[in-house]
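Morning, everyone. I'll take a few minutes on one structure. Please have a look at it first.

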Amino acid sequence: MTASNDIRLRAAEPEDLELAYKLENDVTLWQYGSASAFFSRFTLRQFLEQNTADIFADKQVRLTVDVRQTEAAETWTPVGFVDLTNFDPLHNRAELGMALLPGYEGQGLGQRALALLIDYAGAIHLHTLYAIIAVANKKASRIFELAGFTPSAPLCDWLYDGTAYHDACLWLLTIGRDRCDRRASRP
């Protein structure tokens, strides 16, 4: 488990089924990621039960974002997920995704959850994290920029929301480095 005073990341549990069902089937979030189909509770239950939380075994990991309800008590409420997917063990990189329940935006939870995930990624020796963010998603772009990610490549008509295509941007973070100097890597 990775935690700070009021937020923590932990392995997703079967008890997180309703949270997964709500987030995975929220069509308003589909424009920001790669989801394009509804998931049944059965399918999500299987995923949660078979998830080992070992990125090397599963080539992905889903962590639940919990927030502390009161400082005095150890009462935590699950409010979202952070995912590392498309794990490439040769190059030690993974794609990052994050979703929080509506109503938890604007409280800095996304930024703090991202910081915890970056710490976790460093602890498991990932070298690079990347995210594909819709250009219109200014909030996410700002969160990733504050976390040290660099916009790297424009992706024209990359995301489809069922009615229209949207431009996106590839954001990169090399863990343990302040930034990637792209001038040095040009031929």
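I'll go through the pocket, then the aromatic pairs, then charges over rings. Keep in mind that this is a predicted model.

Pocket first. The largest one has a volume of about 1500 Å³. It is lined by 49 residues, and L29, Y32, G97, M98 and A99 are the closest to its centre. Which strand gives the most to that lining? Strand 5, residues 93-100, with six residues. By residue class, the lining divides into 27 nonpolar, 15 polar and seven charged.

Now the rings. How many aromatic pairs does the structure hold? Three. I'll show two of them.

Take F56 and F87. This pair is edge-to-face, with 5.2 Å centre to centre and 90 degrees between the planes. F56 sits in helix 4, residues 55-58, and F87 in strand 4, residues 76-88, so the pair ties together parts 31 residues apart in sequence. Buried or exposed? F87 is buried, at 7% relative accessible area. F56 is partly exposed, at 42%.

Next, Y160 and Y165. Their ring centres are 4.5 Å apart and their planes stand at 40 degrees, so this pair counts as tilted. Stacked would need planes under 30 degrees apart, and edge-to-face over 60. Y160 is partly exposed, with 42% relative accessibility. Y165 reaches 52% and counts as exposed, because the cut-off for exposed is over 50%.

Last item: charges over rings. R41 places its charged end over the ring of Y21, 3.7 Å from the ring centre. R62 does so over the ring of F81, with 4.5 Å to the centre.

That's my part. Over to you.

Terms used: Residues are numbered from 1 along each chain as its sequence is written. This is a predicted model: local features need pLDDT of at least 70, side-chain atom pairs count only at pLDDT 80 or more; totals for chains, interfaces and linings use all residues. Side-chain values use heavy atoms; hydrogens and water are left out. On a 1 Å grid over the protein atoms alone, a cavity is a set of points where a 1.4 Å probe fits but cannot get out, and a pocket is an open set with protein on both sides within 12 Å along at least five of seven lines; lining residues have an atom within 4 Å of a point. Grid points are joined across faces, edges and corners, and a volume is the space filled by probe spheres set on the points. Helices (H or I, at least four residues) and strands (E, at least two) are DSSP runs, numbered from the N terminus. Ala, Val, Leu, Ile, Met, Phe, Trp, Tyr, Cys and Pro count as nonpolar, Asp, Glu, Lys and Arg as charged, and the others, Gly among them, as polar. Rings of Phe, Tyr and Trp (its six-membered ring) pair if their centres lie within 6.5 Å; planes under 30 degrees apart count as stacked, over 60 as edge-to-face and the rest as tilted. Buried means under 20% relative accessible area, exposed over 50%, partly exposed in between (1.4 Å probe, protein chains only). A charge sits over a ring if NZ of Lys or CZ of Arg is within 6 Å of the ring centre and within 35 degrees of the ring normal.
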